[in-house]
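These are my notebook entries on a structure I went through step by step. I wrote down each thing I looked up, together with what I found.

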Amino acid sequence: MSKLSQALNSFKNFRIAMEFEGLREEREQKPWRVLEFYSGIGGMRYSLMKAGVNAVVVEAFDINDVANDVYQHNFGHRPYQGNIQSLSAADLDSYEAEVWLLSPPCQPYTRQGLQKGSSDARASSFLRILELIPQTSQPLLMLFVENVVGFEAKRKPLAFKNPQFNNQLLWSPGPLYEQDDQKSGMVDQSHGIFDDSIKACRPIEDFLEDKVPRNKVHSDYCTLLANISDLSEQTDKRNGCSHSSLNTYLVPLSLVERWGSAMDIVFPASRRCCCFTKSYYRFVKGTGSLLATNQEKTEDKIVPLEELGLRYFTPREVANLHSFPEDFQFPEHISLRQCYALLGNSLSVGVVAPQLRYLFSHPT
């Protein structure tokens, strides 16, 4: 080969490399176009923002008008409120989205539910979305699905079946787990990882609105009630709720006496709490943790449950524990129970954001 041919080939390869680099830089500078299904109060969108991903949500979808009120209040855009099952492939193509984020109903897959899986009517809209994927002409580059334990086919093969996906796709360990390809299974590092994670967690007191010194004992219970009343009134004015009654967040003693043994009780110094469900504040068993405001508890002395000053976490505190930003608010017309239900149906921004950051940094 002559020197001229070598030079021409080198130039050609250089030009191809430069064009590829230009396309890569263009992709990095161009925002990802995202569709947000089952948008709720915006947990997935906040996760996307917290992840620092260069993306734009071109449309959100949710059938719940109350959730859409909250979404619109915080983002200035009202999600599409029609039935997702009525969408066609052409409808989805019109958005020219490259990424779909989904948080479908979890009831068909929860451990305490009927566990009907994909045969549950509440799973039909999600199955419809999956059916539309191969029908679209706009190539879908990434799909992110958030749900509960029991949803993934790897752990419970009968929970979810769809011909578009295989077990490997449905069970994607992500950055928190290790995959052993040689054994074709997952190496469960969860116990060690979660133990280390709990040690690294911040105490609950960091998420409370009434910052109480960790070692302070509330000997004056009336003072405690007054503090909570002032707290709730300030919170309501700031977040647009009207729930400033003195006893709004206190757990009635009758409930403590009846269900005390089934309650999950945490202290300001605790570094864990149970998941908050949409039934929090309506029921005390299995719906979320209760906060003990009387911290007079030592290794050699345990205060009776009736004297712990148990209260519910406020909606703002639940939002804090879910890592929602400080400027997140509920509109004034949203009731207290609706606030709790919407938060219970949402997700943890602090958990989802790292997963999205990982996903968008490994798009292939």
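**Entry 1, aromatic rings.** I began with Tyr80 in this predicted model, and I asked whether Tyr80 counts as buried, partly exposed or exposed. Its relative accessibility is 30%, and because the partly exposed range runs from 20% to 50%, Tyr80 counts as partly exposed. I then looked up the count of aromatic pairs, and the structure holds 17 of them. In one of these pairs Tyr80 meets Phe61 edge-to-face, with 5.6 Å from centre to centre and 65 degrees between the planes. I noted that this pair links distant parts of the chain, since Phe61 belongs to strand 2 (residues 55–61) while Tyr80 sits in the loop between helix 3 (65–75) and helix 4 (89–93), 19 residues apart. Phe61, at 0% relative accessibility, counts as buried.

I turned next to Tyr71 and Phe75, whose rings form a tilted pair at 4.7 Å centre to centre, with 45 degrees between the planes. Tyr71 and Phe75 are 4 residues apart in helix 3, so about one helical turn separates them. I checked the accessibility of both: Tyr71 is buried at 0%, and Phe75 is buried with a relative accessible area of 18%. I also found that Tyr71 and Phe75 belong to one aromatic cluster together with Tyr46, Phe324, Phe328 and Phe330.

**Entry 2, charged side chains.** How many salt bridges does the structure hold? I found 5 salt bridges, and I wrote down three of them in turn. As a reminder to myself, side chains of opposite charge can pair when their charged atoms come close.

- Asp69 and Arg78 meet through their side chains at 2.8 Å, N to O; Asp69 is partly exposed with a relative accessible area of 23%, and Arg78 is partly exposed at 30%.
- Arg128 forms a salt bridge with Glu131, with the closest N and O atoms 3.8 Å apart. The two are 3 residues apart in helix 5, so about one helical turn lies between Arg128 and Glu131. Arg128 is partly exposed at 24%, and Glu131 is partly exposed at 42%.
- Arg202 and Asp206 meet in a salt bridge at 3.5 Å, N to O; Arg202 is partly exposed at 48%, and Asp206 is partly exposed at 34%.

**Entry 3, the annotated cysteine.** I looked up the UniProt record, an unreviewed entry, which lists Cys106 under "active site". In the model, Cys106 lies in the loop between strand 3 (99–102) and helix 5 (124–132). Cys106 counts as partly exposed, at 27% relative accessibility.

**Entry 4, a sheet.** I followed an open sheet of 3 strands, which has the order 7-8-9 and mixed pairing. Strand 7 (265–266) and strand 9 (310–311) stand at the edges with a single partner strand each, so one side of each has no neighbour in the sheet. Strand 8 (residues 290–292) pairs with strand 9 in the antiparallel sense over 2 bridges, and Leu291 stands opposite Arg311 in strand 9.

**Entry 5, the whole chain.** I closed with the totals, starting from the secondary structure, which comes to 12 helices and 9 strands. Of the 364 residues in the protein chain, 44% are buried. The chain exposes about 20200 Å², and carbon and sulfur atoms supply 52% of that area. Among contacts between residues at least 6 apart in sequence, 67% join residues at least 24 apart.

Key:
Residues are numbered from 1 along each chain as its sequence is written. This is a predicted model: local features need pLDDT of at least 70, side-chain atom pairs count only at pLDDT 80 or more; totals for chains, interfaces and linings use all residues. Side-chain values use heavy atoms; hydrogens and water are left out. UniProt positions are given in the numbering used here, feature names are shortened, and annotations may be inferred rather than shown by experiment. Buried means under 20% relative accessible area, exposed over 50%, partly exposed in between (1.4 Å probe, protein chains only). A salt bridge is a side-chain nitrogen of Lys or Arg within 4 Å of a carboxyl oxygen of Asp or Glu. Two strands pair if DSSP finds at least two bridges between them. Contact means heavy atoms within 4.5 Å. Accessible areas come from the Shrake-Rupley method with a 1.4 Å probe; for residues, only the protein chains shown count as cover. Rings of Phe, Tyr and Trp (its six-membered ring) pair if their centres lie within 6.5 Å; planes under 30 degrees apart count as stacked, over 60 as edge-to-face and the rest as tilted.
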